[in-house]
Amino acid sequence: MAGGRRNAKSSSFNKHQAHASDDRHTDLPTQPQVIPPKHIPLPDLSPSSDLLFEVDALVLSLCAIAGQYINLYRSVFWLPYSHTDFALNYYLIDPYLLAFCLIMVARRFPIYLLKQMCVVCLPASYHSSCTICFQILTGIVIAPALLFCSYNIIKQHGTLSMLFLVYPFALFLIGLGTKVIKFLELISIPQERQTGARSKHASSVKHQSITHVCSMSADTIREEVDTLKNDFNFRMKQVLFNTFLVVYHASFLPCYFAQPELQYDFFWVTQYGIFTGISTFVMHVSHIFPPRYCDVLHRAALHLGRWQKVELKNVHVPYSIWTESATWNQGALVKHSKELFKAEGISNAAEPGHSGHSRFYILFKNPTFLMRIMFVIQVLLMFILIFVLCQSYTWNELLSIQLLILINCKTLYSVTKVYFVIKKIYHEEKVLISKFCN
């Protein structure tokens, strides 16, 4: 009897101890309902069309090539004993190299010009077929022209020069794949407004699906984030590749294939190439990442949230076991892979410890982050260009820098307008979210 009472008492104590342990370390009794984040609609900022951007990019590339050739082949024609009456030593310029560089930097413009003519003149049902025909026609014209120029360049400068001519193509295959269309066109941006049947057959049909799905399903949110992350990485690859292509053909190749006896300022042409690269980079980023696209990334980041690892030792706190199908509130404490994590953001559908989700939230929770960087870079570039212009004294330096300043004025205006409008809008959104959380 006594032993039975002791066993019953011990069993009762063990059950009570196990129940107390479960109260500390198992799921919370009830999770409050997660309310979706509030979004503020963006105004119509009227982004540049693809054709207008191609005109701007072509003008920038042509000015960069012209400025670099002026720096390389300038003459002293005003001196009384000068052997030339021209500002440049034209006889030293390789026409095949110049043609090769011009074709490479202008390869996209004919396609967009023909596509715009097709949009204006033909019904919408023909747009898709005409676009394919224009791409094939442009490739058929460009390929023989490049081969002809390459043959003459190799014949004049030797077999080693072939490596420098095919290097951009090899880089394209490694970074962007084997589809020729990616070489002839930029990724089409989702338009701010599209109406009528034209939008169904526009060149950006494939990427108009890059829109935000305001869902509270954790699986849907993570799937959307993965799609946006891959699309963002691809767009950034295109920005970097096209920037490299302009700098390579407008600044590097003219210097590499210059005659060995040609005297030029190496520091100045290198500096000019850097200025060209920064100008091209900002111009491409402002077009390929428009405000509407950045807003899609921002909205997805608000739904995604992120988890912050928590270090708690010898402290008993209630937590929940993370499940991939649940969406969590701000401040929720979960356990995943034997570690504790605390939720950040209004809504949290991220996977704890997932570095990709954390980076996505950090980059795009503040939608003005990318635009602020571009604005600061562009303003600094303009100040540096003006400072260099004031310090220059030779005619070729003055002329080449002025060409870049003129082109960058439009980019500065566009980036500044977008940045301050978006900054004001998202400030109001931040105030709304803070009131909503409190």
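Which residue just after α5 takes a positive phi? In this predicted model, the residue is G158, with a phi of about 100°.

**Overall composition**

The chain contains 13 helices and 6 strands. Of its 438 residues, 43% count as buried. The exposed area of the chain is about 23500 Å², and carbon and sulfur atoms supply 64% of that area. Among contacts between residues at least 6 apart in sequence, 78% join residues at least 24 apart.

**Annotated spans**

An unreviewed UniProt entry lists residues 51-70, 90-109, 130-154, 160-181, 239-259, 271-289, 369-389 and 401-422 under "transmembrane region". Two of these spans are set out below with values computed from the model.

| Span | Distance between end C-alpha atoms | Helix | Strand |
|---|---|---|---|
| residues 51-70 | 28 Å | 100% | 0% |
| residues 401-422 | 31 Å | 100% | 0% |

**Helix α5**

Helix α5 covers residues 127-157. At 1.5 Å a residue, its 31 residues should span 45 Å, and the end C-alpha atoms are 44 Å apart, so the expected and computed spans agree. The buried residues of α5 are H127, C130, T131, F134, Q135, T138, I142, L146, C149, S150, N152 and I153. These buried residues pack against α3 (95-105), α4 (109-121), α6 (161-176) and α7 (181-184).

**Nonpolar cores**

The largest nonpolar core has 63 residues, and F289, W307 and F360 have the most contacts inside it. Two or more residues come from each of α2 (50-73), α8 (218-256), α9 (266-288), α10 (291-304), β5 (339-344), α11 (355-364), α12 (369-391) and α13 (395-437). The element that gives the most is α13, with 10 residues. Another core, of 33 residues, lies apart from this one, and I65, I111, L184 and L253 are among its members.

Leaving aside residues up to four places away in sequence, F289 touches F232, R235, M236, V239, C294 and L370. F360, another residue with the most contacts inside the largest core, is one of the buried residues of α11. The others in that helix are G356, H357, S358, Y361 and F364. What covers the buried residues of α11 includes α8, α10, β1 (306-310) and β5.

**The sheet**

How are the strands of the open sheet ordered? The order of its 4 strands is β1-β5-β4-β2, and the pairing is mixed. β1 and β2 stand at the edges and have a single partner strand each, so one side of each is left without a neighbour in the sheet.

Strand β2 (residues 320-321) runs parallel to β4 (residues 333-336), and 2 bridges join them. Here I321 has K335 of β4 as its bridge partner. On the β5 side, β4 runs antiparallel to its partner, and the two strands are joined by 4 bridges. K335 is the bridge partner of L340 in β5, while V334 is the bridge partner of F341, also in β5. K335 thus has a bridge partner in β2 and another in β5. β4 and β5 form a hairpin with 2 residues between them. In the turn, S337 has a positive phi of about 55°.

In a regular strand the side chains alternate between the two faces of the sheet.

**Two helix residues**

Is S279 buried or exposed? With a relative accessible area of 1%, S279 is buried, because the cut-off for buried is under 20%. S279 is in helix α9. Not counting residues up to four places away in sequence, S279 touches L60, L381 and N408. S279 and I377 are 98 residues apart in sequence, and their C-alpha atoms are 9.3 Å apart in space.

F252 is placed in helix α8. At 36% relative accessibility, F252 counts as partly exposed, because the value lies between the 20% and 50% cut-offs. Leaving aside neighbours within four places in sequence, F252 is in contact with F164 and V247. F252 and G273 are 21 residues apart in sequence and 7.5 Å apart in space, C-alpha to C-alpha.

Technical notes
Residues are numbered from 1 along each chain as its sequence is written. This is a predicted model: local features need pLDDT of at least 70, side-chain atom pairs count only at pLDDT 80 or more; totals for chains, interfaces and linings use all residues. Side-chain values use heavy atoms; hydrogens and water are left out. UniProt positions are given in the numbering used here, feature names are shortened, and annotations may be inferred rather than shown by experiment. A nonpolar core is a set of buried Ala, Val, Leu, Ile, Met, Phe, Trp, Tyr and Cys residues joined through side-chain atoms within 4.5 Å. Buried means under 20% relative accessible area, exposed over 50%, partly exposed in between (1.4 Å probe, protein chains only). Contact means heavy atoms within 4.5 Å. Two strands pair if DSSP finds at least two bridges between them. The expected span of a helix is 1.5 Å times one less than its number of residues. Accessible areas come from the Shrake-Rupley method with a 1.4 Å probe; for residues, only the protein chains shown count as cover.
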